[in-house]
Amino acid sequence: MTINTEDRPGAINARPVRHPWRWVAVGVIAIVLAMMVNSFATNPRWDFPFAIQIMQQKSVIQGLWVGTIFGTIGSMVLGVGLGIVIAVMRLSNNPVLRGVAFGYTWFFRAMPRYVLLAILGTGVAFLYPKLSIGLPFGEQIAGLLGIDTSTFTFFSLDWNALSTTIWIGVLGLGLSEAAYMAEIARAGILSVDKGQTEAAQAIGMSPGKTMWRIVLPQAMRVIVPPTGNETIAMVKDTSLLVAIPIITELYFQAYGFGQRSFKIMPGFVAATLWYLIVCSLLMVGQSYLEKYFGRGFGQPSKKAQEKLRKVAADH
Amino acid sequence: MSSQRTGEPLVHAVNVHKSFHGNEVLKGIDLDVWPGEVVVLLGPSGSGKTTFLRCINQLETIDGGRIWVDGDLLGYEDRHGTLHRLTDKKIADQRRDIGMCFQRFNLFPHKTALENITEGPVQVKGQNKDQARARALDLLERVGLKDKPAAYPSQLSGGQQQRVAIARALAMDPKLMLFDEPTSALDPELVGEVLAVMRELAQSGMTMIVVTHEMGFARDVADRVVFMDGGVIVEQGSPDEVIRNPQHARTRSFLQRVLTEHPAA
């Protein structure tokens with residue numbers, strides 16, 4: 001049989017499906033955008049130049065660094081660390097540890113952050129102006145023995161002085177965050193195949209090392225993306241520090257500066273722009289972390305491949 | 001490969017019982033394995049062979065009976081006739097000398113082949129890193145993967161992963177190797193490369209207990225074949241005795257089924 005090449009179908013040159021409604025949507029969006037830009041440019045109350053000025057004020061920058069950035073980092077470090085501990089407790093064989101972890105999560109998830117911060121800042125200072133660390137019931141025992149009541153006190157903390165510093169904000173937000181991180185970490189730990197634990201046990205690893213070296217690094221792949229979201233949410237929640245009250249914080253400072261200048265909107269805009277900048281940077285960092293903890297799953301990144309080639313060449 | 005049964009058995013299991021939620025899976029297993037011996041456990045699924053293997057490595061705790069490995073009672077300390085449960089740390093120490101390979105390989109996916117192998121020696125035995133690396137490279141060569149130290153498990157075929165898993169177990173210098181259906185999850189064309197490594201291991205004098213359906217391996221490599229069914233050992237003996245000339249009806253019907261499915265054996 002001979003094949004007539006002219007009869008065989010060649011390259012496809014078809015007309016694409018038309019999408020008229022997409023063009024309608026693009027048109028509508030373009031009109032809305034144009035209106036927005038027009039209003040930005042023509043409504044003098046926006047006053048973007050003044051907003052940029054507010055962004056550069058010393059008090060605003062200080063609020064950004066101390067309240068917003070340090071507050072976020074500090075509370076997330078505390079939240080992630082404590083959260084993982086609580087998650088491991090929650091998965092423990094010991095019913096007391098499990099119960100404590102459950103109770104902790106229950107309490108701090110039910111507690112609004114604003115209320116918690118107010119209690120820590122004002123309420124605790126009212127109840128316990130001075131916090132002493134020492135033997136349990138040390139003061140009572142010393143009293144009974146008739147010696148100086150501070151004998152069994154190792155050190156004491158002036159809560160009144162502490163309650164006006166950022167540390168109390170880090171503590172409050174961190175305690176609250178730990179409850180959410182515990183749930184995230186628990187899901188991450190449970191997502192790791194049981195065979196991984198068995199393989200680690202089979203080479204004689206202790207339970208602690210198995211958790212730390214084998215299970216947690218793999219759980220991180222599941223834990224990191226929601227932790228990024230939590231961090232970004234925390235950036236915004238630092239604006240609640242005013243409940244303590246701590247005012248060295250971005251929103252309060254930007255808003256306050258605008259108010260004092262009788263230009264409220266530029267104050268809002270200044271805070272918004274800073275939040276947008278910080279959160280954008282965090283999203284970039286998050287994608288790097290995801291790549292790092294995703295190693296060994298799917299295609300390795302270019303940098304990892306380069307490193308692999310180097311390692312291979314070493315051998 | 002014939003082993004001389006001198007001295008004490010390496011594995012001494014007596015009247016081992018194990019139940020899962022009231023369902024008795026092991027109903028009194030007695031088995032001795034001598035140093036250098038290769039024992040293949042055969043049996044239909046649900047016969048308890050995998051469970052028994054896991055009990056030897058304490059991945060399951062037994063409900064009754066005793067298992068000794070190299071003279072050590074597993075999981076308990078006998079103080080004047082009273083058994084005291086060992087701590088997790090001590091149980092981990094007992095597992096050091098027992099290597100195990102799993103059906104699903106269970107390599108650590110976040111570590112390279114080399115790191116998988118050095119993890120145990122460095123983290124458990126406290127070996128020097130360079131030493132452990134050098135040893136790991138030797139082991140990779142032994143299992144035919146000299147060129148793959150930097151590969152992550154996801155970049156390896158199933159057969160390659162299982163060979164890395166064997167190297168990982170060998171890095172701990174085990175006295176005993178346990179294989180839990182090491183080729184069952186593999187594509188047929190990859191089975192041979194894993195069995196070849198296991199054959200070489202058997203020839204080198206390693207004591208091995210192997211759960212497998214590979215009749216060819218059982219016939220050629222095993223010193224003893226143990227047939228289990230319904231949680232008990234039905235019969236055991238040399239491959240010739242059990243595979244060619246089974247005494248029990250249950251063994252015969254099992255072998256008939258397996259051999260018609262794998263006529264190559």
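**Figure 1. Contacts and overall dimensions of chain B in the predicted model.** Among contacts in chain B between residues at least 6 apart in sequence, 66% link residues that are at least 24 apart. The chain contains 9 helices and 12 strands. Its C-alpha trace extends over about 55 × 50 × 40 Å along the principal axes. The radius of gyration of chain B is 19 Å, which agrees with the value near 18 Å for a compact globule of 265 residues.

**Figure 2. Surface and charge of chain B.** Of the 265 residues of chain B, 55% count as buried. The exposed area is about 11,400 Å², and carbon and sulfur atoms supply 44% of that area. Chain B carries 31 positive and 35 negative side chains. The centres of these two sets are 3 Å apart.

**Figure 3. The largest nonpolar core and B:Met208.** This core has 50 residues. Its members with the most contacts inside the core are B:Ile166, B:Met177, B:Phe179, B:Met198 and B:Met208. Helix H6 of chain B, residues 188–203, supplies the largest share of this core, 8 residues. Leaving aside neighbours within four places in sequence, B:Met208 is in contact with B:Met177, B:Phe179 and B:Met198, among others. The remaining partners of B:Met208 under that condition are B:Glu37, B:Val38, B:Val39, B:Leu201 and B:Ala202.

**Figure 4. Helix H1 of chain B, residues 49–56.** The helix is mostly covered, with 7 of its 8 residues buried. Those buried residues are B:Lys49, B:Thr51, B:Phe52, B:Leu53, B:Arg54, B:Cys55 and B:Ile56. Just after H1(B) comes B:Gln58, with a positive phi of about 60 degrees.

**Figure 5. B:Gln58, in the loop between H1 and strand S4 (64–69) of chain B.** B:Gln58 is not a glycine, although its phi is positive, at about 60 degrees. The relative accessible area of B:Gln58 is 9%, so this residue is buried. B:Gln58 is one of the contacts of B:Ile91 outside the neighbours within four places in sequence. The C-alpha atoms of B:Gln58 and B:Ile91 are 7.8 Å apart in space, and the two residues are 33 apart in sequence.

**Figure 6. B:Ile91 in helix H2 (residues 88–95) of chain B.** B:Ile91 has a relative accessible area of 4% and is therefore buried. Apart from neighbours within four places in sequence, B:Ile91 is in contact with B:Gln58, B:Gly75, B:Arg85 and B:Leu86.

**Figure 7. B:Phe105, in the loop between strand S8 (98–101) and helix H3 (113–123) of chain B.** The phi of B:Phe105 is near 65 degrees, a positive value in a residue other than glycine. B:Phe105 counts as buried because its relative accessibility is 7%.

**Figure 8. The cis peptide bond from A:Ile244 to A:Pro245.** Omega of this bond is near 5 degrees. A:Pro245 is located in the loop between helix H10 (207–237) and helix H11 (250–260) of chain A.

Note on methods
Residues numbered from 1 in each chain as written. Chains lettered and ligands numbered in written order. Predicted model: local features only at pLDDT ≥ 70, side-chain atom pairs only at ≥ 80, totals over all residues. Heavy atoms only, no water. Helix = DSSP H or I, 4+ residues; strand = E, 2+ residues; numbered from the N terminus. Rg over C-alpha atoms; globule rule 2.2 N^0.38 Å. Buried < 20%, exposed > 50% of the residue type's maximum accessible area, 1.4 Å probe, protein only. Contact = heavy atoms within 4.5 Å. Areas by Shrake-Rupley, 256 points an atom, 1.4 Å probe, with all protein chains shown as cover. Lys, Arg positive; Asp, Glu negative; His and termini not counted. Charge placed at Lys NZ, Arg CZ, Asp CG, Glu CD. Core = buried A, V, L, I, M, F, W, Y, C linked by side-chain atoms within 4.5 Å.
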